[in-house]
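I opened my notebook today to look through a protein structure, one topic at a time. Here is what I looked up, written for anyone starting out.

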Amino acid sequence: MTRDMSDETIEDKSGDTNADCPCKQYIAGARIICCENCKVWYHIVCVKLGGLSKVAIESIEHYECPFCIVSAGVLLPPEHHELNNTDYQHLKQAVTSTIKETIKNELSCIMEKTKVDFVTESSKAVRTYVDVVKTEVKTAIEQKPSTQLVKDTVRQIDADAMERVKRECNVIINHVPENPTNGHDSRESDVNFLTSVCGMRRDEIISCFRAGKIKSEEAPAAPRPLVVKLETKDSAMYWCDNGRGYRVTDESDDEKKKHFWINQDLCRADREAQFFLREERRRRVAEKAKAAHQS
C-alpha cells in the first residue's frame, strides 16, 4: 500500500509528521509505502525504490521492508523500527552491501546468458555472400520456367564471355594514392606510378583510368581502383603473374614502404568463382586445423 504525503499525513505517537520512517525526517510531498509485516510507513527513497515509477510502485501488492527481510533471520529483534541512528546506519550498510552483492551475482548470470543469446542470434542472422548467391539461384530456378531459365543462362554466359574479352588486356591495382584533381594531372600521376613504382614501359600502357565515381569531394575516401589497359593479353598476364597476382613495393619513403598488388581485371562471374574457391579453401584449412587439434 502506498500514498502521497500531500494527500494525507501519517503521524506517530509523538505527532511528528512522517516519523514512522527510520530516517525521522519530514520530506514534503514524499511518497510513502507501508510494510505488510511491521505496518511501518517508509519513504520511497529511504527503501531504495526512488527509481521506480508511480505506476510500478502502485502495482506492488505485498511489500516487505528491508528490516523485516533481515529480521527474518536472527539479525534483528521485531522492534526494528525503534533502532537508534547508529544501529540504523550499521543496518543500512549491511542491507545495502547484501543487496549490491545479490544484484551483482544476478547481473553476471543475466549478462552471460544475454551474451550467449546475442552470439547465437548473430550467427543465425549473419549470412555470407555464398549463402546469398545460393538463395538467389534457388529462387530463380523455382520461379522461372525452364525454357526462360535456359535462355537467361545462355544470355549471361554470352555476356560473361564478352566481358572477359573486353578485360583480357587489363590489370587492376588497389589502394594507389589518387590525385583529387581528376583530370590530366591525375592521369599523369597514375602513369608515373605505373612506370616508376611498377616498372611498366610507357609504350605498353594503352590507357589507365579509375574505376567507379568519386562519392564526395568534401570527405576524403579510399582511393578508387586503378585499371590499366596494356598492349597485349600476354603483357597483362605477365604483370599479374598469370592470375596469381604480382606485388610491387614503393621504396620512395625509406621509413614506411608501401606494397601494391597487380591483379587480373576479372568480370563479375570470375570474381564470384574466385570468391567461392577462397571460401572453400578456408573451410578445408579450418577443418584440417580442427582435426589436428582434436587428435
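The entries below go from the whole protein to its sheet, its cores and a few single residues.

**Entry 1: the whole protein**

I noted at the start that this is a predicted model. I looked up the secondary structure and found eight helices and eight strands. The protein has 295 residues, and 26% of them count as buried. Next I looked up the surface: about 21200 Å² is exposed, with carbon and sulfur atoms supplying 54% of that area. I also checked contacts between residues at least 6 apart in sequence, and 53% of these join residues at least 24 apart.

**Entry 2: the sheet**

In what order do the strands of the five-stranded open sheet lie? I read the order as 5-6-4-8-7, with antiparallel pairing. Strand 5 and strand 7 are the edge strands, since each pairs on one side only. From one strand to the next, the twist averages 25°. A reminder to myself: strands of a sheet pair through backbone hydrogen bonds, either parallel or antiparallel.

I then walked across the sheet, pair by pair.

- Strand 5 and strand 6 are antiparallel and share five bridges. Here Ile 205 has Leu 230 of strand 6 as its bridge partner.
- Strand 6 and strand 4 are antiparallel too, over four bridges. Ile 173 is matched with Leu 226 of strand 6.
- Strand 4 and strand 8 run antiparallel and are joined by three bridges. Val 171 finds its bridge partner in Gln 264 of strand 8.
- Strand 8 and strand 7 run antiparallel, with five bridges between them. Asp 250 stands opposite Lys 258 of strand 8.

I also asked how many of the five residues of strand 6 are buried. Four of them are, and I wrote this strand down as mostly covered.

**Entry 3: the nonpolar cores**

Before looking, I recalled that in soluble globular proteins, nonpolar side chains tend to be buried together. The largest nonpolar core here holds 21 residues. Which of its members touch the most other members? They are Phe 193, Leu 194, Met 200 and Val 228. I listed the elements that give two or more residues to this core: strand 4 (170-173), helix 6 (184-198), strand 5 (205-210), strand 6 (226-230), helix 7 (233-239) and strand 8 (258-264). Helix 6 gives the most, with five residues.

I picked Leu 194 for a second look. Leaving out residues up to four places away in sequence, Leu 194 touches Ile 173, Gly 199, Met 200, Ile 205, Cys 208, Leu 226 and Val 228. I had already met Ile 173 and Leu 226 as bridge partners, and Ile 205 as the bridge partner of Leu 230. Apart from this core lies another one of 14 residues, including Tyr 42, Ile 44, Ile 57 and Phe 67.

**Entry 4: the cysteines**

How many disulfides does the count come to? I got zero. To see why for Cys 34, I looked up the closest cysteine sulfur: the one in Cys 35 is 6.8 Å away, which is too far for a bond. The cut-off for a disulfide is a pair of sulfur atoms within 2.5 Å.

Is Cys 34 buried or exposed? Its relative accessibility is 6%, so Cys 34 counts as buried. Cys 267 counts as buried as well, because its relative accessibility is 2%. The cut-off I used for buried is under 20%.

**Entry 5: residues in loops**

I wrote down the general rule beforehand: most residues other than glycine have a negative phi. Which way does Lys 39 go, positive or negative? Its phi is positive, about 60°, although Lys 39 is not a glycine. I found Lys 39 in the loop between strand 2 (31-34) and strand 3 (41-43).

Asn 242 is another case, with a positive phi of about 55° without being a glycine. This residue lies in the loop between helix 7 and strand 7 (246-250).

Arg 244 is also in the loop between helix 7 and strand 7. With a relative accessible area of 61%, Arg 244 is exposed, because the cut-off for exposed is over 50%. My last lookup was a distance: Arg 244 and Trp 261 are 17 residues apart along the chain, and their C-alpha atoms are separated by 9.9 Å.

Note on methods: Residues are numbered from 1 along each chain as its sequence is written. This is a predicted model: local features need pLDDT of at least 70, side-chain atom pairs count only at pLDDT 80 or more; totals for chains, interfaces and linings use all residues. Side-chain values use heavy atoms; hydrogens and water are left out. A nonpolar core is a set of buried Ala, Val, Leu, Ile, Met, Phe, Trp, Tyr and Cys residues joined through side-chain atoms within 4.5 Å. Buried means under 20% relative accessible area, exposed over 50%, partly exposed in between (1.4 Å probe, protein chains only). Contact means heavy atoms within 4.5 Å. Two strands pair if DSSP finds at least two bridges between them. Axes are lines fitted to C-alpha atoms, for helices over the stretch in contact, and angles run from 0 to 180 degrees between N-to-C directions. Accessible areas come from the Shrake-Rupley method with a 1.4 Å probe; for residues, only the protein chains shown count as cover.
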